[in-house]
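Biologist: Please take a close look at the largest pocket. Which residues lie nearest its centre, and what surrounds them?

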Amino acid sequence: MSAPVIRIVAAVVLDEHYRLLVVRKRGTTAFMQPGGKIEPGEQPVEALAREVGEELGVGFDTSAAEELGHFTAPAANEPGHFVDAWLYLVSLDGAAQVRAEIEEMLWVDPFAPGGIRLAPLTEHTVLALVRDRAQRPQV
(Lines give C-alpha, C1' and ligand atoms only; values in the text may rest on other atoms or scores of the structure.)
Protein backbone atom coordinates (compact mmCIF):
# COMPACT_ATOMS: atom_id res chain seq x y z
CA MET A 1 0.00 0.00 0.00
CA SER A 2 1.39 3.43 -0.91
CA ALA A 3 1.62 6.44 1.39
CA PRO A 4 -1.32 8.88 1.42
CA VAL A 5 -0.86 11.97 -0.77
CA ILE A 6 -1.95 15.51 0.08
CA ARG A 7 -2.52 17.86 -2.90
CA ILE A 8 -1.12 21.30 -2.11
CA VAL A 9 -0.03 24.53 -3.72
CA ALA A 10 2.77 26.74 -2.41
CA ALA A 11 4.05 30.27 -3.00
CA VAL A 12 7.71 30.96 -3.65
CA VAL A 13 8.13 34.58 -2.57
CA LEU A 14 11.47 36.35 -2.99
CA ASP A 15 12.56 39.80 -1.89
CA GLU A 16 14.92 42.07 -3.84
CA HIS A 17 17.93 40.24 -2.32
CA TYR A 18 16.59 36.81 -3.37
CA ARG A 19 15.77 35.92 0.22
CA LEU A 20 12.97 33.38 0.48
CA LEU A 21 9.85 33.86 2.59
CA VAL A 22 9.11 30.84 4.81
CA VAL A 23 6.40 30.35 7.41
CA ARG A 24 5.83 28.01 10.33
CA LYS A 25 2.33 26.91 11.23
CA ARG A 26 1.16 26.95 14.83
CA GLY A 27 2.09 23.77 16.70
CA THR A 28 4.74 22.68 14.15
CA THR A 29 8.53 22.97 13.90
CA ALA A 30 9.28 23.04 10.15
CA PHE A 31 9.34 26.20 8.03
CA MET A 32 7.83 26.02 4.54
CA GLN A 33 6.27 28.11 1.81
CA PRO A 34 2.94 29.80 2.39
CA GLY A 35 0.13 27.81 0.81
CA GLY A 36 -2.04 24.84 1.55
CA LYS A 37 -4.45 22.23 0.36
CA ILE A 38 -6.27 22.50 -2.94
CA GLU A 39 -10.03 22.25 -2.40
CA PRO A 40 -12.20 20.17 -4.76
CA GLY A 41 -12.97 22.15 -7.92
CA GLU A 42 -10.22 24.72 -7.33
CA GLN A 43 -7.45 25.40 -9.80
CA PRO A 44 -4.01 25.46 -8.13
CA VAL A 45 -3.42 29.20 -8.61
CA GLU A 46 -6.91 29.96 -7.24
CA ALA A 47 -6.17 27.84 -4.17
CA LEU A 48 -2.88 29.67 -3.73
CA ALA A 49 -4.55 33.09 -3.87
CA ARG A 50 -7.02 31.96 -1.19
CA GLU A 51 -4.30 30.47 1.04
CA VAL A 52 -1.92 33.45 0.73
CA GLY A 53 -4.78 35.82 1.60
CA GLU A 54 -5.72 33.76 4.66
CA GLU A 55 -2.15 33.16 5.89
CA LEU A 56 -0.42 36.45 5.04
CA GLY A 57 -3.22 38.99 4.62
CA VAL A 58 -2.07 39.99 1.13
CA GLY A 59 -2.74 39.02 -2.46
CA PHE A 60 -0.89 38.71 -5.73
CA ASP A 61 -1.68 39.01 -9.43
CA THR A 62 -2.72 35.48 -10.38
CA SER A 63 -2.13 36.21 -14.07
CA ALA A 64 1.52 37.08 -13.29
CA ALA A 65 2.15 34.01 -11.11
CA GLU A 66 4.95 31.94 -12.66
CA GLU A 67 4.41 28.19 -12.45
CA LEU A 68 7.68 26.61 -11.33
CA GLY A 69 6.51 23.02 -11.57
CA HIS A 70 4.82 20.11 -9.92
CA PHE A 71 6.81 18.21 -7.24
CA THR A 72 6.45 15.43 -4.67
CA ALA A 73 8.07 15.29 -1.24
CA PRO A 74 7.51 13.77 2.21
CA ALA A 75 4.99 15.83 4.18
CA ALA A 76 6.55 17.90 6.96
CA ASN A 77 3.68 17.71 9.44
CA GLU A 78 1.86 14.49 8.54
CA PRO A 79 4.13 11.48 9.20
CA GLY A 80 3.84 8.79 6.53
CA HIS A 81 2.23 11.17 4.01
CA PHE A 82 3.57 12.83 0.88
CA VAL A 83 2.71 16.21 -0.62
CA ASP A 84 1.94 16.55 -4.30
CA ALA A 85 2.76 20.24 -4.74
CA TRP A 86 2.33 22.89 -7.39
CA LEU A 87 4.87 25.69 -6.88
CA TYR A 88 4.35 29.24 -8.12
CA LEU A 89 6.69 32.22 -7.97
CA VAL A 90 4.56 35.20 -6.91
CA SER A 91 5.06 38.87 -6.05
CA LEU A 92 2.94 39.92 -3.10
CA ASP A 93 0.91 43.12 -3.46
CA GLY A 94 1.64 44.30 0.09
CA ALA A 95 3.54 43.55 3.28
CA ALA A 96 2.98 39.99 4.50
CA GLN A 97 1.65 39.58 8.04
CA VAL A 98 1.37 36.53 10.28
CA ARG A 99 -2.30 35.47 10.22
CA ALA A 100 -4.59 32.43 10.56
CA GLU A 101 -2.62 29.29 11.49
CA ILE A 102 0.77 30.91 10.82
CA GLU A 103 2.84 31.43 13.97
CA GLU A 104 6.11 32.69 12.52
CA MET A 105 7.44 34.16 9.28
CA LEU A 106 11.10 34.55 8.23
CA TRP A 107 13.13 35.68 5.22
CA VAL A 108 16.01 33.23 4.63
CA ASP A 109 19.08 33.24 2.44
CA PRO A 110 18.65 30.27 0.07
CA PHE A 111 22.42 29.71 0.07
CA ALA A 112 22.67 29.74 3.90
CA PRO A 113 19.24 29.23 5.47
CA GLY A 114 20.69 28.93 8.97
CA GLY A 115 19.81 26.48 11.70
CA ILE A 116 16.06 26.39 11.17
CA ARG A 117 14.20 23.18 10.35
CA LEU A 118 12.86 23.24 6.80
CA ALA A 119 10.09 21.10 5.32
CA PRO A 120 11.45 18.49 2.87
CA LEU A 121 9.87 20.26 -0.15
CA THR A 122 11.54 23.52 0.86
CA GLU A 123 14.91 21.99 1.71
CA HIS A 124 15.27 19.70 -1.31
CA THR A 125 13.31 21.45 -4.06
CA VAL A 126 12.49 25.10 -3.39
CA LEU A 127 15.98 26.12 -2.25
CA ALA A 128 17.49 24.58 -5.39
CA LEU A 129 15.00 26.42 -7.62
CA VAL A 130 15.73 29.74 -5.91
CA ARG A 131 19.51 29.23 -5.99
CA ASP A 132 19.34 28.52 -9.72
CA ARG A 133 17.24 31.65 -10.33
CA ALA A 134 19.57 33.83 -8.22
CA GLN A 135 22.63 32.67 -10.18
CA ARG A 136 21.14 33.31 -13.61
CA PRO A 137 22.09 36.58 -15.31
CA GLN A 138 19.33 39.14 -14.84
CA VAL A 139 17.88 40.48 -18.08
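Modeller: In this predicted model, 23 residues line the largest pocket. Ile8, Lys25, Met32, Asn77 and Val83 lie nearest its centre. The space inside is about 360 Å³. Three elements each give two or more residues to the lining: β1, β3 (35-37) and α2 (120-135). β1 has the largest share, with four residues. By class, the lining holds 13 nonpolar, five polar and five charged residues.

Ile8 leads on to the packing. Besides lying among the residues nearest the pocket centre, Ile8 belongs to a core of 19 residues, along with Val22, Leu127 and Val130. That core is separate from the largest nonpolar core, which has 23 residues. In the largest core, Leu48, Val52, Leu56, Phe60, Tyr88, Val90 and Leu92 touch the most other members. β1 (5-12), β2 (20-25) and α1 (44-56) each supply at least two of its residues. α1 gives the most, five. Take Leu92: beyond its sequence neighbours within four places, its contacts are Val13, Leu21, Val52, Leu56, Val58, Gly59 and Phe60.

The second largest pocket holds about 170 Å³ of space. Val13 and Phe60 are among its lining residues, and both are in contact with Leu92. Val90, one of the core residues with the most partners, also lines this pocket. The lining has six nonpolar, one polar and two charged residues.

One last residue, Arg24, sits in β2. Its relative accessible area is 13%, so it counts as buried, under the 20% cut-off. Leaving out neighbours within four places in sequence, Arg24 is in contact with Thr29, Ala30, Phe31, Glu101, Ile102, Glu103 and Glu104.

Technical notes. Residues are numbered from 1 along each chain as its sequence is written. This is a predicted model: local features need pLDDT of at least 70, side-chain atom pairs count only at pLDDT 80 or more; totals for chains, interfaces and linings use all residues. Side-chain values use heavy atoms; hydrogens and water are left out. A nonpolar core is a set of buried Ala, Val, Leu, Ile, Met, Phe, Trp, Tyr and Cys residues joined through side-chain atoms within 4.5 Å. Buried means under 20% relative accessible area, exposed over 50%, partly exposed in between (1.4 Å probe, protein chains only). Contact means heavy atoms within 4.5 Å. On a 1 Å grid over the protein atoms alone, a cavity is a set of points where a 1.4 Å probe fits but cannot get out, and a pocket is an open set with protein on both sides within 12 Å along at least five of seven lines; lining residues have an atom within 4 Å of a point. Grid points are joined across faces, edges and corners, and a volume is the space filled by probe spheres set on the points. Ala, Val, Leu, Ile, Met, Phe, Trp, Tyr, Cys and Pro count as nonpolar, Asp, Glu, Lys and Arg as charged, and the others, Gly among them, as polar.
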